[in-house]
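The following paragraphs lead the reader through one protein model, beginning with its interior and ending with a single residue. Please keep the sequence and the structure in view throughout.

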Amino acid sequence: MTTQTQVLPDTRPDGTDTTGDDTPKMFHYVRKDKITESAVTGTLVVALCGEVFPVTRSPKPGSPVCPECKRIFNNLPPGGD
Ligand SMILES: [Zn+2]
């Protein structure tokens, strides 16, 4: 009954990031079933903080975790929904 949540990078469609750096800056917590669904259907995923992004990149070790996602994740009741 554990909450299936993974950390994913904050990815953007090409052309929306003007910094010229395509490396995800931050990780967001996303429900694992949503990740699976996105991988199959190509839909966007919604992070705990409400951020919406496509699953197109692998997490880069060492990147910071979204503080809002972390706060929400830590407030989730164990085994709850
Ligand atoms: Zn987030």
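Which residues form the largest nonpolar core? In this predicted model, that core consists of nine residues, namely Leu8, Phe27, Tyr29, Val30, Val45, Ala47, Phe53, Cys66 and Cys69. Strand E2 (residues 27-31) is the element that contributes most to the core, supplying three residues. In soluble globular proteins, nonpolar side chains tend to be buried together.

The core is set within a chain of 81 residues, of which 14% count as buried. Two helices and four strands make up the secondary structure, and read from the N terminus their order is β-β-α-β-β-α. Among contacts in the protein with a separation of 6 or more, 54% join residues 24 or more positions apart.

Val30, one of the core residues, shows how separate parts of the sequence meet. Neighbours within four places in sequence aside, Val30 is in contact with Thr5, Gln6, Leu8, Ile35, Val45 and Ala47. Of these partners, Leu8, Val45 and Ala47 are themselves listed in the core.

Helix H1 (residues 32-41) presents another aspect of the model. H1 is hardly covered, and the count of buried residues among its ten residues is zero. Just after H1, Gly42 adopts a positive phi of about 80 degrees.

The confidence of the prediction should be considered alongside these features. The mean pLDDT of the protein is 74, and 67% of the residues reach at least 70. Among the elements, helix H2 (residues 67-75) has the highest mean pLDDT, 92, whereas strand E1 (residues 5-9) has the lowest, 71. Over residues 13-21 the pLDDT is below 50, and this stretch has three contacts in the model beyond near neighbours in sequence. Where pLDDT is low, the predicted coordinates should not be read in detail.

The last residue to consider is Val52, which lies in strand E4 (residues 52-54). Why is Val52 classed as exposed? Val52 has 10 other C-beta atoms within 10 Å, and a residue counts as exposed if that number is 12 or fewer. Residues up to four places away in sequence not counted, Val52 touches Leu44 and Val46. Val52 and Val30 are 22 residues apart along the chain, and their C-alpha atoms are separated by 9.7 Å. Val30 belongs to the largest nonpolar core, whereas Val52 is exposed.

Terms used
Residues numbered from 1 in each chain as written. Buried ≥ 20, exposed ≤ 12 C-beta atoms within 10 Å, placed from the backbone. Contact = placed C-beta atoms within 7 Å. pLDDT = per-residue confidence, 0-100. Core = buried A, V, L, I, M, F, W, Y, C linked by C-beta atoms within 7 Å.
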